[in-house]
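The following note sets out several points for consideration by a colleague. The sequence and structure are shown first, and the comments follow as numbered paragraphs.

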Amino acid sequence: TSLAGLESSQAVLQANNLLGRTVQVKSASGATSSGVVSAVGIQSGTPSITVNGQSYDLSAVVSVSMTPP
């Protein structure tokens with residue numbers, strides 16, 4: 001396996017670990033919002049998370065916290 005493939009696999013694992021967690025994300029416009037990660041998608045090998053119905057790159061995540069029961 002190549003280094004790029006390993007990095008891609010690591011990013012997918014990180015995204016999957018965010019499922020059900022509360023995150024704060026920053027949009028391309030600079031606005032921040034928070035919500036529970038409801039889905040993880042992969043497009044061209046790059047994972048994204050869905051928060052409040054919007055898709056974000058992992059790089060948009062500002063903070064992560066446990067979701068209260």
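1. Which residue takes a positive phi in the hairpin of β1 and β2? In this predicted model, the residue concerned is Gly30, with a phi near 100°. The hairpin has five residues between the strands.

2. The two strands of that hairpin are β1, residues 22-26, and β2, residues 32-43. They pair in the antiparallel sense, and five bridges connect them. Within this pairing, Lys26 is placed opposite Thr32 of β2.

3. Strand β1 is also joined to β5, residues 61-65, by four bridges. The two strands run antiparallel. Val23 has Val64 of β5 as its bridge partner.

4. Helix α1 covers residues 3-17. Its 15 residues, at 1.5 Å a residue, should span 21 Å, and because the C-alpha atoms at its ends lie 21 Å apart, the expected and computed values agree.

5. Ala11, Val12 and Ala15 are buried in α1. Viewed down the helix axis, the buried residues of α1 fall within an arc of 100°, so they line one face of the helix. As background, an α-helix has 3.6 residues a turn, so residues three or four places apart point the same way.

6. The cover over the buried residues of α1 includes β2 and β3, the latter comprising residues 46-51. On the face of α1 turned away from its buried side, the exposed residues are Leu3, Leu6 and Asn17. The reader may wish to view both faces of the helix in turn.

Methods. Residues numbered from 1 in each chain as written. Predicted model: local features only at pLDDT ≥ 70, side-chain atom pairs only at ≥ 80, totals over all residues. Heavy atoms only, no water. Pairing = 2+ DSSP bridges. Expected span 1.5 Å × (residues − 1). Buried < 20%, exposed > 50% of the residue type's maximum accessible area, 1.4 Å probe, protein only. Arc of directions from axis to C-beta. Contact = heavy atoms within 4.5 Å.
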